[in-house]
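Here are some short exercises to work through with the model open beside you. Try each task before reading its solution.

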Amino acid sequence: TESSFWLDELYTAYFADPMQAGTGEVFLRAAEDVHPPGYYLLVWAVARGTGLEFILVSRGLSAALAVLALGLVALAPVRPVSMTPRLVAAAFAATTYVWFEYSQEARSYAFCFVLVAGLMGLGLRCLPRLMRGEVPYRLLAGGVILSLLACLSHYYAVLLAGAFFSMLLCFCRSWRSFIAVSVSGLCVLAVTVAFLIWHLPRIIADVSDTWFSAEWSFLMQHIRWGLGQILNQGWSQLFILLVIVLVLLACVLRPTQGLRALLAKDALAAPLLFLAGVFILTTGYGLIVTLGFVQMFSYRVFVLLAPVFWIGVAYAVHVLLGLIRPGWPALGASALLALALLGSVSIVRDRGALDGQAWRSTAEIIAGLEGCPTATLPVVWLNQSYISDDTPEWIYGYYLPPAPERDWITVPYDDAPAVLTGKEIGALVAATATGARTCPVVLWSVHMHGGGTIEETQALLKAHVP
């Protein structure tokens, strides 16, 4: 909790502000965001229920949910996957950048890890019953509930839910099961679309004016970034490379029939195909929507897919341990687990030593300057509104002491030169230079910049000095 919130977390603090009186107020305020309000309602409820400091509640909730997700990753595979591959997969997940990063942020992704891991576990348990022509009503109902919770917490989950039910359809062996899966998927789609129709007019930001793009170079870049989120650390890459090399080596040293027999004996083909299909289809659906309808694809699609990959690691390790010679599985599992745990050291080391965005530290400096806490403060600001109460008080003022008389001058970062040469900034700089204004701060910027260099900005401000 010592490191500062960054910009997106500050928006969580606004939408889930525990000072709001009831769920209706939270729901309507959260509906201003481009993300659905499910996660904000959860954070608000926990903050109201505990009464603890908001940064502790919001980040602590993410940490707890991320740990719960590890448990669900271990529980998701079905028999005959043993406990050893499950623990290796959970240990591997805990060493990845994507888990470690989002387990400490006041954002919805740790919650999504829990929902996606649970959803995959239900899907894997549906497969054998669907392949026997049965209808797993309770499992499908659970899948609908988890899918809706995910879709109402992050809209990228719609892509994953579509891929989930699409893959289940591939394993149906009767019309009854095919209809049941189809109806389940359509229910999720219908509820999400109905909510989206209600939600879109209430979003404050102009969703057509975003950084998303349908350019092929943009999409390929974000696919690389997304895969890098899952395999960002050298330890993670070495771990996966080691598993692949050992599987290939085992296939070379043993007849190919050994792998085929293992896949058939342990019924591994269906789970592996299901997990791979969900991963690929989710990516494909995101690209189709972006290219054909709305520009919305980004690397964060792969953040939601991370639990699918982690569960796949459990199956890969199970295959590896089943191929190597008797007596070696324990040694191989110990080596893989040790490698995964060693990887965590490289991630934990120096974590939080420096704030990525210094909202807190700069606010503390300004709060300590004479006259600044109650002064009019010029700040570099966003080009468009994202909340109805579009004031820097919620962002720049979050770590400042309360001061009703404090005012702000906003400098949109894409139009900074025009504003910095204007009369309002000119009068403030002149008053500061002559001593009529005691606060020495003439421009405050964190994360956002004015489109030019610091030297160019300084020159624009110095031009107002008498």
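The protein chain has 20 helices and two strands; helices (H or I, at least four residues) and strands (E, at least two) are DSSP runs, numbered from the N terminus. This is a predicted model, where local features need pLDDT of at least 70 and side-chain atom pairs count only at pLDDT 80 or more, while totals for chains, interfaces and linings use all residues. Residues are numbered from 1 along each chain as its sequence is written, and side-chain values use heavy atoms, with hydrogens and water left out.

**Exercise 1. Find what share of the residues in the protein chain is buried, then look at helix H1.**

Step 1: Buried means under 20% relative accessible area, exposed over 50%, and partly exposed in between (1.4 Å probe, protein chains only). Buried residues make up 49% of the 466 residues in the protein chain.

Step 2: H1 (residues 7-15) is mostly covered, with eight of its nine residues buried. Among them are Leu 7, Glu 9, Tyr 11 and Phe 15.

Step 3: The buried residues of H1 pack against helix H2 (23-30), helix H3 (38-50), H4 and helix H17 (359-367); contact means heavy atoms within 4.5 Å.

**Exercise 2. Describe how helix H4 packs with helix H7.**

Step 1: H4 (residues 54-75) and H7 (residues 109-131) pack at an angle of about 15°, and their axes are 8 Å apart. Axes are lines fitted to C-alpha atoms, for helices over the stretch in contact, and angles run from 0 to 180 degrees between N-to-C directions.

Step 2: H4 and H7 are therefore roughly parallel to each other. Angles under 35 degrees count as roughly parallel, over 145 as roughly antiparallel, 65 to 115 as roughly perpendicular and the rest as oblique.

Step 3: The crossing of H4 past H7 is left-handed, that is, the near helix is turned anticlockwise from the far one by less than a right angle, whereas clockwise would be right-handed.

Step 4: On the H4 side, the residues include Leu 65, Leu 68 and Leu 72, and they meet H7 residues including Phe 111, Phe 113 and Arg 125. By class, this contact of H4 with H7 has 12 nonpolar, two polar and one charged residues. Ala, Val, Leu, Ile, Met, Phe, Trp, Tyr, Cys and Pro count as nonpolar, Asp, Glu, Lys and Arg as charged, and the others, Gly among them, as polar.

**Exercise 3. Do the same for helix H8 and H10.**

Step 1: H8 (residues 137-151) and H10 pack at about 20°, with axes 10 Å apart. That makes H8 roughly parallel to H10.

Step 2: Here H8 passes H10 in a right-handed crossing. Tyr 137, Leu 140 and Val 144 of H8 are among the residues that make the contact, as are Arg 176, Ala 180 and Val 181 of H10. Sorted by class, the contact of H8 with H10 has nine nonpolar, three polar and one charged residues.

**Exercise 4. Work out the surroundings of Ser 213. Is Ser 213 buried or exposed?**

Step 1: Ser 213 sits in the loop between H10 (175-199) and helix H11 (216-230).

Step 2: Ser 213 counts as buried because its relative accessibility is 17%.

Step 3: A polar atom of the Ser 213 side chain lies 3.0 Å from the backbone nitrogen of Glu 215. Leaving aside residues up to four places away in sequence, Ser 213 touches Phe 218, Leu 219, Thr 290 and Gln 295.

Key: Polar contact = N/O pair within 3.5 Å; in protein donor to acceptor, adjacent residues only side chain to side chain.
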